[in-house]
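Work through the exercises below with the model open. Each task is followed by a stepwise solution.

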Amino acid sequence: MKYKRDDRWLLSRLDEIWSNHFPDVKQNNRVFIRFGRSSRLRLGSIKLDKKSGNSMITLTGMFKNDHVPSAVVDHTIAHELCHYTHGFSSLRPKLHKYPHHGGVIRQELILRGLGHLVTAYKAWVKKYRKQFKYA
Ligand SMILES: [Zn+2]
C-alpha cells in the first residue's frame, strides 16, 4: 500500500521511529512535525518555541515526492530526534556543546539500531548532489 506523503504520514513515521528506537526518551513537551517549503539544501530542522515550549520538526517539502526513498525521510526525522534527545530544541538537558559535535548524531543513530538509515541516506545524497552539482 502506498501512503500519501502529508503531515499525517510524517507524524506516523515519527511515532514509529520514536516508539521503536527512542523508547527511553520521554516526551516532556509537545512535539509537532510538518512539511515546510521545498528546500533543496535544508532537509530538516527542529526548533523550540520559547513561548509555547513546543518543539517543531520541519522537513523539506521536497520529501513529499515519492522518488525520495522513505528511508531518507526516516533518516531526517531520526536525525532531528537525536537533536531532541541531546537537548537541542527540546527541554531536555544539553549533552554536547554543539548539535553536531564530533559525529554524535551518526553514533546515536547506529547505537539505536538505525545504521541502515545512515547507509540509505549516504547512497541517496551522493546521487542527489551529483544531480544538482553541489559537490
Ligand atoms: Zn542536525
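## Exercise 1: A loop residue

Asp-24 sits in the loop between H1 and strand S1 (31–35). The model is a predicted one.

**Task.** Decide whether Asp-24 is buried, partly exposed or exposed. Then state how far Asp-24 and Thr-85 are apart in sequence and in space.

**Solution.**
1. The relative accessible area of Asp-24 is 51%.
2. The cut-off for exposed is over 50%. Asp-24 is therefore exposed.
3. In sequence, Asp-24 and Thr-85 are 61 residues apart.
4. In space, their C-alpha atoms are 9.5 Å apart.

## Exercise 2: The zinc site

**Task.** Which residues coordinate the zinc ion, and through which atoms? Give the spacing of the donors along the chain.

**Solution.**
1. The zinc ion is coordinated by His-79, His-83 and His-100.
2. Each of the three binds through NE2, at 2.0 to 2.1 Å.
3. Along the chain, the donors of the zinc ion read H-x3-H-x16-H.
4. Now take the H-x3-H part. His-79 and His-83 are four residues apart in helix H2 (residues 70–85), so about one helical turn separates them.
5. Check burial: His-79 and His-83 are both buried.

## Exercise 3: H1 against H2

**Task.** Classify the packing of helix H1 (residues 7–21) on H2, using the angle between their axes.

**Solution.**
1. A pair of packed helices is described by the angle and the distance between the axes.
2. The axes of H1 and H2 come within 10 Å. They cross at roughly 60 degrees.
3. Roughly perpendicular begins at 65 degrees, and roughly parallel lies under 35. H1 is therefore oblique to H2.
4. The crossing of H1 past H2 is right-handed.
5. On the H1 side, the contact is made by Trp-9, Leu-10, Arg-13, Leu-14, Ile-17 and Trp-18.
6. On the H2 side, Ser-70, Val-73, Asp-74, Ile-77, Ala-78, Leu-81 and Tyr-84 take part.
7. Sort by class: this contact has 10 nonpolar, one polar and two charged residues.

## Exercise 4: Two residues of H1

**Task.** Leu-14 lies in helix H1, and so does Ser-12. Find the burial class of Leu-14 and of Ser-12.

**Solution.**
1. The cut-off for buried is under 20% relative accessible area.
2. Leu-14 has 3% relative accessibility, so Leu-14 is buried.
3. Ser-12 has a relative accessible area of 36%, so Ser-12 is partly exposed.
4. List the contacts of Leu-14, leaving aside neighbours within four places in sequence. They are Val-31, Ile-33, Ile-57, Ile-77 and Leu-81.
5. Add a C-alpha distance for each residue. Leu-14 and Ala-78, 64 residues apart along the chain, are separated by 7.8 Å. Ser-12 and Lys-26, 14 residues apart along the chain, are separated by 17 Å.

## Exercise 5: H2 against H3

**Task.** What is the orientation of H2 and H3 to each other? Which residues meet?

**Solution.**
1. The axes of H2 and H3 come within 10 Å and cross at roughly 110 degrees.
2. The range from 65 to 115 degrees counts as roughly perpendicular. H2 and H3 are therefore roughly perpendicular to each other.
3. From H2, the residues are His-75, Ala-78, His-79, Cys-82 and His-83. From H3, they are Ile-105, Glu-108 and Leu-109.
4. By class, the contact of H2 with H3 has four nonpolar, three polar and one charged residue.
5. Look at Glu-108, in helix H3. Its relative accessibility is 14%, so Glu-108 counts as buried.
6. Beyond its neighbours within four places in sequence, Glu-108 is in contact with Cys-82 and His-86.

## Exercise 6: A backbone check

**Task.** Where is Ser-89 found, and what is its phi?

**Solution.**
1. Ser-89 is in the loop between H2 and helix H3 (104–111).
2. Its phi is positive, about 60 degrees, although Ser-89 is not a glycine.
3. With a relative accessible area of 22%, Ser-89 is partly exposed.

Definitions and conventions
Residues numbered from 1 in each chain as written. Predicted model: local features only at pLDDT ≥ 70, side-chain atom pairs only at ≥ 80, totals over all residues. Heavy atoms only, no water. Donors = N, O, S within 2.8 Å, 3.2 Å for Na, K, Ca; no water. Helix = DSSP H or I, 4+ residues; strand = E, 2+ residues; numbered from the N terminus. Buried < 20%, exposed > 50% of the residue type's maximum accessible area, 1.4 Å probe, protein only. Axes fitted to C-alpha atoms, helices over the stretch in contact; angles between N-to-C directions. Parallel < 35°, antiparallel > 145°, perpendicular 65-115°, else oblique. Left-handed = near helix turned anticlockwise from the far one by under 90°. Contact = heavy atoms within 4.5 Å. Nonpolar A, V, L, I, M, F, W, Y, C, P; charged D, E, K, R; others polar.
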